[in-house]
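I sat down today to look at how the parts of this protein meet. My notes follow, in the order I looked things up.

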2 protein chains.
Amino acid sequence: MSTGKVVLALDGMGGDNAPEVVVNGADIARERYPAASFLLFGDPARLKPLVDRRKGLAQALEIVPAEDVVSADDKPSFALRRRRQSSMWLAVDAAAQGRADTVISAGNTGALLAISMVAMRMLDGAHRPALASFLPTSRGETVMLDLGANLECDAGNLAEFAVMGSVFAQVLLGLSEPTVGLLNVGSEELKGHEELRQAAVWLRREGSPVSFHGFVEGNDIGAGKVDVVVTDGFTGNVALKTIEGTAKLYTSFVRDAFRTSTFAKIGYLFASGAWVKLSKRVDPRRRNGGVFLGLNGVCVKSHGGADALGFAYAMGVAIDMVRYEYRSKLVEGLAKLHQVSSGPEEAPVLQVSGGVE
Amino acid sequence: MSTGKVVLALDGMGGDNAPEVVVNGADIARERYPAASFLLFGDPARLKPLVDRRKGLAQALEIVPAEDVVSADDKPSFALRRRRQSSMWLAVDAAAQGRADTVISAGNTGALLAISMVAMRMLDGAHRPALASFLPTSRGETVMLDLGANLECDAGNLAEFAVMGSVFAQVLLGLSEPTVGLLNVGSEELKGHEELRQAAVWLRREGSPVSFHGFVEGNDIGAGKVDVVVTDGFTGNVALKTIEGTAKLYTSFVRDAFRTSTFAKIGYLFASGAWVKLSKRVDPRRRNGGVFLGLNGVCVKSHGGADALGFAYAMGVAIDMVRYEYRSKLVEGLAKLHQVSSGPEEAPVLQVSGGVE
């Protein structure tokens with residue numbers, strides 16, 4: 001673990017509730033992490049009054065003027081070429097150039113990924129970045145990636161994502177040997193796409209840098225069967241949004257159920273403490289902070305609609321990644337992976353038709 | 001709508017709780033659907049005592065001896081070649097040969113698909129069968145397919161699945177123009193795999209047999225944004241199991257929340273009526289019955305762990321498909337689709353990199 005100061009570059013203008021949420025989030029983070037200081041990018045005329053209102057924040061924070069803003073509708077390619085003077089671009093650049101240790105933005109995800117890839121480049125041994133996040137499970141939390149950075153992935157990408165997720169879980173969850181599963185339609189060896197089976201072959205080899213569990217299925221995510229779930233960005237994005245939708249649906253079902261009778265309404269009142277506990281458990285702010293893994297830099301994406309607490313949580317993720325030296329651990333892990341994956345090929349496994357269990 | 005008798009071929013030995021659940025399910029279905037009669041395939045020594053115990057059932061039901069059983073572990077190819085005398089094979093064959101109008105089995109899904117494809121063949125205009133089922137939404141129910149019959153799908157498959165799902169929703173939900181969405185990572189036109197965009201082009205054309213909404217995302221499933229959600233079997237299977245896992249997780253969260261204090265426990269008791277209502281709403285038995293669409297026959301897969309009520313529900317799905325002439329409606333719809341999809345190609349839509357919003 002590295003000690004000492006951590007400098008956070010903040011995109012002051014990104015997200016639905018910027019800049020208020022960013023400034024208030026920095027204020028919360030400053031109390032939690034006294035070693036943190038902040039470079040806040042954006043419009044000084046809007047940022048300064050907000051900072052000044054927070055007693056003591058100005059001592060730990062420097063406002064860096066940025067004329068432009070990446071909008072939520074900007075296409076990544078447009079933001080990349082035409083928003084060079086935006087708060088997002090300048091914040092990422094500060095982290096890429098070493099003036100900051102990490103960058104946090106609640107802005108346009110696609111633009112943030114594109115800009116980070118160009119400004120930070122990939123880490124040694126990583127070929128594509130993956131978007132990772134935490135999901136609630138019955139055992140605690142599971143890291144899932146890729147959540148949408150890559151629509152199609154080959155076996156090499158998936159194997160690298162496994163290493164990225166494993167190192168991320170080590171650093172953020174404090175696990176020494178997090179278990180990793182590849183998301184598939186069945187847990188038997190023969191099932192699934194060719195790239196999944198090839199990635200599994202590599203991850204299972206002697207000397208592999210991850211503790212590979214094998215294939216997992218959609219229901220294993222919520223059950224917390226493994227600490228890290230790896231999939232391609234298309235499937236991961238669908239699964240993530242399906243979880244969000246299902247959670248929302250069940251919450252509405254529960255609420256409806258308690259509106260059906262007077263007794264139920266009374267029961268609801270008696271149980272109000274339990275509801276608070278429940279909503280804390282499913283509180284998305286506590287899991288706020290999608291992270292782009294594989295970049296030569298630490299870039300955390302806060303949810304666009306996050307509040308100050310959520311934004312502060314995302315900063316905590318970034319700080320942990322810096323402190324616990326995520327990057328050097330990942331370079332080590334990827335080197336090990338490429339050693340085992342370059343070994344002699346095994347006899348190919350025969351593919352079965354159909355995917356139904 | 002066709003009137004008159006409906007003959008159901010039942011795999012008496014398939015599923016975790018066979019043959020009891022099958023016989024008891026038939027008894028429930030007989031009361032609900034007086035026009036139904038049953039061919040029950042399996043071991044007479046085990047089936048006859050169960051049938052005789054149910055007063056009056058024997059009049060509507062004929063036991064057809066079958067020596068063999070498809071086991072849950074049988075590979076589809078093995079069941080196809082080596083289980084010719086099984087209750088599943090013989091039941092499917094009865095429906096394929098016209099001795100029954102439909103077949104229902106709670107046995108091995110992969111085997112049932114393989115056997116049905118060989119015995120029933122595809123319907124005119126359909127190239128691959130898809131597994132479809134109902135999912136709960138905040139607006140009621142949504143049909144989703146493919147849930148795992150095909151790991152990879154091309155644009156033609158996806159477009160055909162859209163028609164299959166639309167006709168199924170017409171027949172089962174009584175909707176005259178069900179809306180259809182293609183599952184994707186973003187709702188903008190430019191996103192997603194090439195095959196998704198090509199299918200969307202066809203489904204949107206003048207003369208298309210479906211009311212095409214466009215692309216939908218994972219969270220739109222639970223929100224009930226469309227009546228039919230179409231995807232490939234890999235993504236569909238992951239999404240289905242993710243929904244199951246999330247529902248289970250949230251149920252356990254809610255239960256835990258009500259165990260946290262005496263007040264909460266009292267609240268739980270007061271609200272017990274609400275719980276019953278809630279569990280009815282999420283009761284999987286009410287949505288039991290995955291259906292293989294696109295076959296030249298009606299084949300319904302009951303959940304392996306279904307109880308008698310669930311099995312009876314699956315029979316109800318089969319009866320509706322026969323009565324409301326699902327097959328002829330689908331042939332019509334597919335013919336219309338192939339007419340519009342064989343039209344001149346539009347200029348290709350440029351692909352954007354990355355899939356992140």
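**Notes on the contacts**

I began with the two domains of chain A, where 16 residues of domain 1 are in contact with 13 residues of domain 2. I should jot down that I am working from a predicted model.

Where do the domain bounds fall in chain A? The assignment gives domain 1 as 1-126 + 294-325, and domain 2 as 127-286. I looked up the spacing as well: the C-alpha centres of these two domains of chain A lie 26 Å apart.

Next I checked the area. Domain 1 and domain 2 of chain A bury about 1,300 Å² between them, and carbon and sulfur atoms give 70% of that. Which three residues give the most on the domain 1 side? They are L113(A), A126(A) and Y313(A), which supply 29% of the area that domain 1 of chain A buries against domain 2 of chain A.

Then I went looking for charged and polar pairs. I found 0 salt bridges between domain 1 and domain 2 of chain A, and the count of residue pairs in polar contact there, with both at pLDDT 80 or more, is also 0. For the side of domain 1 of chain A that touches domain 2, two elements give two or more residues each: α6 (109-120) and α13 (308-323) of chain A. The largest share is from α13(A), with 6 residues. I sorted that side of domain 1 of chain A by class and got 10 nonpolar, 4 polar and 2 charged residues.

**Over to the two chains**

How many residues does each chain bring to the contact? Chain A brings 60 and chain B brings 60. I noted a buried area of about 5,600 Å² between chain B and chain A, with 73% of it on carbon and sulfur atoms.

I looked for salt bridges here too, and the interface of chain B and chain A has 2. One that I wrote down pairs K241(A) with E217(B), their closest N and O atoms being 2.3 Å apart. I also have 8 residue pairs in polar contact between chain B and chain A, both residues at pLDDT 80 or more.

Which elements of chain B supply at least two residues each to the side that touches chain A? My list reads α6 (109-120), β5 (130-137), α9 (218-223), α10 (233-257), α11 (262-270) and α12 (272-281) of chain B. I marked α10(B) for the largest share, 18 residues. By class, I have 30 nonpolar, 22 polar and 8 charged residues on the side of chain B that touches chain A.

Notes. Residues numbered from 1 in each chain as written. Chains lettered and ligands numbered in written order. Predicted model: local features only at pLDDT ≥ 70, side-chain atom pairs only at ≥ 80, totals over all residues. Heavy atoms only, no water. Domains from an automatic or database assignment. Contact = heavy atoms within 4.5 Å. Buried area = accessible area lost by both parts, 1.4 Å probe. Salt bridge = Lys/Arg side-chain N within 4 Å of Asp/Glu carboxyl O. Polar contact = N/O pair within 3.5 Å; in protein donor to acceptor, adjacent residues only side chain to side chain. Helix = DSSP H or I, 4+ residues; strand = E, 2+ residues; numbered from the N terminus. Nonpolar A, V, L, I, M, F, W, Y, C, P; charged D, E, K, R; others polar.
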